[in-house]
Amino acid sequence: AEGWAALRAAGGRRADAVPPEAALVVDGVLGTGFTGEYELPAAARALPADALVLACDAPSGVDADTGEVRGEALRADATVTFGALKSGLVLGEGAARAGTVHVVDIGLGPHLPTSPAARLGVMDEAAARAAHPAPAAEAHKYTRGVVVVVAGSERYPGAAVLASAGALQTGAGMVHHSGPQTTRDLVLAAHPEALVSAEGPEPSRADAWVAGPGLDTK
């Protein structure tokens, strides 16, 4: 009741449909705690063609944890999310519905977990360049990092080639693939600059590990 009174005092009014002259539609029906299926209200089914849609925290109908849309959801041009980036805004259908995402600080920093999983972010070109600057003139393969790739199998050999290619594209100084003879031969044929072995290097020589793609669990 207080919110409705404040809206009326600010000049707001209730309407059964979005006025055709509306330039901005704010979607604030549901928030981060929503799960299940959502049905769009009738007023949201015929929005003005030129109106921008701004979602609050997450587009209504989007699961803020998984990005799943089980019912309906508006497609926002932008989403203003509060306190921290929600994983559902960068995953699955949620990423397609959220538009451009803006994270707004509302003072939750001291109360949020500090584990890596809680520090969700989106890697863009600027962030990647800051994290991985151009190598210095005196750089060599060990100062630029050694990536060990444990990927692929007799059943899925292509995964070893693709994972090794991705590691090489990051600018690592050395990529060392560990796997069966079949995948070692394929990796060397595609990327002669890579090292291969059955057992991999000493763990102390590795700066990063890529493990899992194409490993046969049978």
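The paragraphs below walk through the strands and helices of a predicted model, ending with one residue in its first numbered helix.

A convenient place to start is the open sheet of four strands. Its order is 7-6-5-8, and the pairing is parallel. Strand 7, covering residues 195–197, and strand 8, covering 208–211, form the edges, each having a pairing partner on one side only. On average, neighbouring strands in this sheet are turned by 20° against each other, with direction ignored.

Within that sheet, strand 6 spans residues 174–178 and pairs with strand 7 in the parallel sense, over three bridges. At the level of single residues, histidine 176 has leucine 195 in strand 7 as its bridge partner. Two helices pack on the sheet in this region. Helix 4, residues 158–169, touches strand 5 (146–150) and strand 6, and its direction makes about 165° with that of strand 6. Helix 5, residues 181–190, touches strand 6 and strand 7 instead, and here the angle is about 170°, taken against the direction of strand 7. Strand 6 is thus touched by helix 4 and also by helix 5.

Earlier in the numbering there is another run of parallel pairing. Strand 2 (residues 52–56) pairs with strand 3 (residues 78–82) over three bridges, in the parallel sense. Across this pair, alanine 55 stands opposite threonine 79 of strand 3. Strand 3 also runs parallel to strand 4, residues 100–104, and five bridges join the two. Here valine 80 stands opposite histidine 102, which belongs to strand 4. The connection between these two strands passes through helix 2, residues 92–98: the chain leaves strand 3, goes through that helix and arrives at strand 4, making a right-handed β-α-β crossover.

The last stop is tryptophan 4, which lies in helix 1, a helix made of residues 2–9. Is this side chain's residue buried or exposed? Its relative accessible area is 39%, so tryptophan 4 counts as partly exposed, because that class holds the values between the buried limit of 20% and the exposed limit of 50%. Apart from neighbours within four places in sequence, tryptophan 4 is in contact with Arg13 and Arg14. As for its position relative to the four-stranded sheet, valine 150 offers a reference point, since strand 5 covers 146–150. The C-alpha atoms of tryptophan 4 and valine 150 are separated by 59 Å, and the two residues are 146 places apart along the chain.

Definitions and conventions
Residues are numbered from 1 along each chain as its sequence is written. This is a predicted model: local features need pLDDT of at least 70, side-chain atom pairs count only at pLDDT 80 or more; totals for chains, interfaces and linings use all residues. Side-chain values use heavy atoms; hydrogens and water are left out. Two strands pair if DSSP finds at least two bridges between them. Axes are lines fitted to C-alpha atoms, for helices over the stretch in contact, and angles run from 0 to 180 degrees between N-to-C directions. Contact means heavy atoms within 4.5 Å. A crossover is right-handed if, with the strands pointing away from the viewer, the path from the first strand over the helix to the second runs clockwise. Buried means under 20% relative accessible area, exposed over 50%, partly exposed in between (1.4 Å probe, protein chains only).
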